[in-house]
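Got the viewer open? Let's take a walk through the inside of this protein, one selection at a time.

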Amino acid sequence: MSFFKKALASVGIGSLKVDTIFDKEQVQAGEQITGKVYLKSGNVDQNINKIEIRLYAHVYIKDEDTENNRAHQEIELWRYAIADSFTIKKEVDEVFEFDLKLPNDVPVSFGDSKVYMKTLVYIDNAIDKSDRDDLLIAPHPLQEQCMHAFEELGLYLAETEFERAGYGIPTELPVVQELEFKPNGGHFRGKLDELEVMFVAAEDKLYVLLEIDKRGNWLQEMAGYDERNFKLVLHMSEHYSQQKLVEMFYQIITENI
């Protein structure tokens, strides 16, 4: 093995290439995701320290202290080790299969919310390799039912943002997706300014966190008197008719505006 080939591989020339293929590009939050990591070896043997798959979200984070300080950020949500250290021989390709479970409360692909996987290959004494693959994350069926209920109440999805987790939000992720609904006619037009909703799914229940901003005068809005918070817990094992959800949310919103 020549010194020149080693030197080239150390800066990525003639080094291995990585490509990750998922069995399907659209998955539901909490589902298993399967696929393969393909390593195409280069001109020299290379020592691999580890291979990881990481889940990221490119999100628009709202600062609760200022409400105006907002920025797009890449946030790591979750990681999983695919392989430990090994040596990949020159001109010998490797394939690693994986079967991973996505977090139950992974952000859903609404609006500008982007969720993607990165496969990271850490190479000894060389430039690390990576591969990015976008994912379409569909909501849990119960969450989708709630979304349809808001539509039936004359509310439309106006914006998607994220808040940093905490303040009693039952999630292990660093951020929580927030969906902002506004009235588009119907009973709440002129009474409701906006409805901010967080869906946080666990194994057996769905937490629905509501912030109800009623239409008030400027003094009420400055003092925060126009906002009401409500937490609803829906159980995955129960059957909720669409009409029941509509009536439930109608009552909650009506009693808080």
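Before you click anything, one bit of vocabulary: a strand here is a DSSP run of E with at least two residues, and strands are numbered from the N terminus. Keep in mind too that you are looking at a predicted model.

**Stop 1: the small hole.** Select β4 (46–62) and β10 (155–164); each of these strands supplies at least two residues to the lining of the second largest cavity. That cavity has a volume of about 30 Å³. Now show side chains for the residues that line it: His 58, Val 59, Tyr 60, His 72, Asp 112, Ser 113, Thr 160 and Phe 162. Which strand gives the largest share of this lining? β4 does, with 3 residues. Color by residue type and you'll get 3 nonpolar, 4 polar and 1 charged.

**Stop 2: the largest cavity.** How many cavities of 30 Å³ or more does a search of the whole structure find? The count is 2, and the largest holds about 180 Å³ of space. To center your view on the largest cavity, select Asp 105, Val 106, Gln 177, Phe 199 and Val 200, which lie nearest its centre among the 18 lining residues. Next, bring up β11 (175–183) and β12 (192–201), the elements that give two or more residues to that lining. β11 gives the most, with 4 residues. By type, the lining of the largest cavity divides into 12 nonpolar residues, 5 polar and 1 charged.

**Stop 3: the largest nonpolar core.** In soluble globular proteins, nonpolar side chains tend to be buried together. To see the largest nonpolar core in this model, which has 36 residues, start with Leu 39, Ile 51, Leu 55, Leu 77 and Met 117, the ones with the most contacts inside it. Then add the strands that give two or more residues to this core: β1 (17–22), β3 (32–40), β4, β5 (70–83), β6 (86–88), β7 (94–101), β8 (114–123) and β9 (129–138). β4 turns up again here, giving the most to this core with 7 residues.

**Stop 4: zoom in on Ile 51.** What is Ile 51 in contact with, leaving aside its neighbours within four places in sequence? Light up Leu 39, Tyr 80, Ala 81, Ile 82, Ala 83, Phe 86, Phe 96, Thr 119, Leu 120 and Val 121.

**Last stop: the other core.** Finish by selecting Phe 110, Ala 149, Val 208 and Leu 234. They are included in a second, separate core of 30 residues.

Notes: Residues numbered from 1 in each chain as written. Predicted model: local features only at pLDDT ≥ 70, side-chain atom pairs only at ≥ 80, totals over all residues. Heavy atoms only, no water. 1 Å grid on protein atoms, 1.4 Å probe; cavity = no way out; pocket = protein on both sides within 12 Å on 5 of 7 lines; lining within 4 Å. Points joined across faces, edges and corners; volume = space filled by probe spheres on them. Nonpolar A, V, L, I, M, F, W, Y, C, P; charged D, E, K, R; others polar. Core = buried A, V, L, I, M, F, W, Y, C linked by side-chain atoms within 4.5 Å. Buried < 20%, exposed > 50% of the residue type's maximum accessible area, 1.4 Å probe, protein only. Contact = heavy atoms within 4.5 Å.
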